[in-house]
Amino acid sequence: MMKHYGIHEANVPPMVTDLDLYLPTKAGDMVIKQDDWIATGIDGEHWVIANDIFCKTYERCD
């Protein structure tokens, strides 16, 4: 996330567990939690999907 969204690592300590991380989206900032997925739409927009919802909604394809 730091690489793709320009979050400076000095602002996001890697081992802090009570720090909320946010993903800017068209609908506003979304909180990202451990094990969440970041989806990318056809226009390059991004949003957060909780792992349990992701696993129920999508299936692996090869």
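**Two hairpins and a salt bridge**

Ile38 has Val48 of strand 4 as its bridge partner. This pair of residues is a convenient place to enter the structure, which is a predicted model. The bridge belongs to a longer pairing: strand 3 and strand 4, the latter made of residues 46-49, run antiparallel to each other and are joined over four bridges. The two strands form a hairpin, with five residues between them. In the turn of this hairpin sits Gly44, with a positive phi of about 85°.

Now step back to the whole chain. The protein has 62 residues, and its secondary structure consists of two helices and four strands. Read from the N terminus, the order of the elements is α-β-β-β-β-α. Of the residues, 13% count as buried. The accessible surface of the protein is about 5,500 Å², and carbon and sulfur atoms account for 54% of that surface. Among the contacts with a separation of 6 or more, 10% are between residues 24 or more positions apart.

The next stop is the other hairpin. Strand 1 and strand 2 pair in the antiparallel sense, over five bridges. They too form a hairpin, here with two residues between them. Tyr22 lies in strand 1, and its bridge partner in strand 2 is Val31. What is the distance in space between Tyr22 and Ile32? In sequence these two are ten residues apart, and from C-alpha to C-alpha the distance is 5.7 Å. Tyr22 has a relative accessible area of 41%, so it counts as partly exposed, a class that runs between 20% and 50%.

Thr25 is also part of strand 1, which covers residues 21-25. Is Thr25 buried or exposed? Its relative accessibility is 17%, and because the cut-off for buried is under 20%, Thr25 counts as buried. The side chain of Thr25 reaches the backbone oxygen of Gly28 at 2.4 Å. Once neighbours within four places in sequence are set aside, Thr25 is in contact with Met30, His46 and Trp47. His46 and Trp47 fall within residues 46-49, the range of strand 4, and Met30 falls within strand 2 (28-32).

Between strand 2 and strand 3, which spans residues 37-40, there is a loop, and Asp35 is located in it. Most residues other than glycine have a negative phi. Asp35 is not a glycine, yet its phi is positive, at about 75°. Asp35 has a relative accessible area of 53%, so it counts as exposed, for which the limit is over 50%.

Strand 3 also takes part in an aromatic contact. How many aromatic pairs does the structure hold? There are two. One of them joins Trp37 and Phe54, which are stacked, with 4.0 Å from centre to centre and 10° between the planes. Trp37 belongs to strand 3 and Phe54 to helix 2, residues 51-57, so this pair ties together parts that are 17 residues apart in sequence. Trp37 is partly exposed, with 39% relative accessible area. Trp37, Phe54 and Tyr58 together form one aromatic cluster.

The last part of the tour follows helix 2. Arg60 is placed in the segment after this helix. Side chains of opposite charge can pair when their charged atoms come close. Where does the structure have a salt bridge? The search of the whole structure finds one, and it links Asp62 with Arg60, with 3.2 Å between the closest N and O atoms. The contact between the side chains of Arg60 and Asp62 is also listed as a polar contact, at 3.2 Å. Both partners are exposed: the relative accessible area of Arg60 is 75%, and that of Asp62 is 88%.

In review, strand 1 and strand 2 form one hairpin, and strand 3 and strand 4 form another. The stacked pair of Trp37 and Phe54 ties strand 3 to helix 2, and the salt bridge joins Asp62 and Arg60.

Definitions and conventions:
Residues numbered from 1 in each chain as written. Predicted model: local features only at pLDDT ≥ 70, side-chain atom pairs only at ≥ 80, totals over all residues. Heavy atoms only, no water. Buried < 20%, exposed > 50% of the residue type's maximum accessible area, 1.4 Å probe, protein only. Contact = heavy atoms within 4.5 Å. Areas by Shrake-Rupley, 256 points an atom, 1.4 Å probe, with all protein chains shown as cover. Salt bridge = Lys/Arg side-chain N within 4 Å of Asp/Glu carboxyl O. Phe/Tyr/Trp six-rings, centres within 6.5 Å; stacked < 30°, edge-to-face > 60°. Polar contact = N/O pair within 3.5 Å; in protein donor to acceptor, adjacent residues only side chain to side chain. Pairing = 2+ DSSP bridges.
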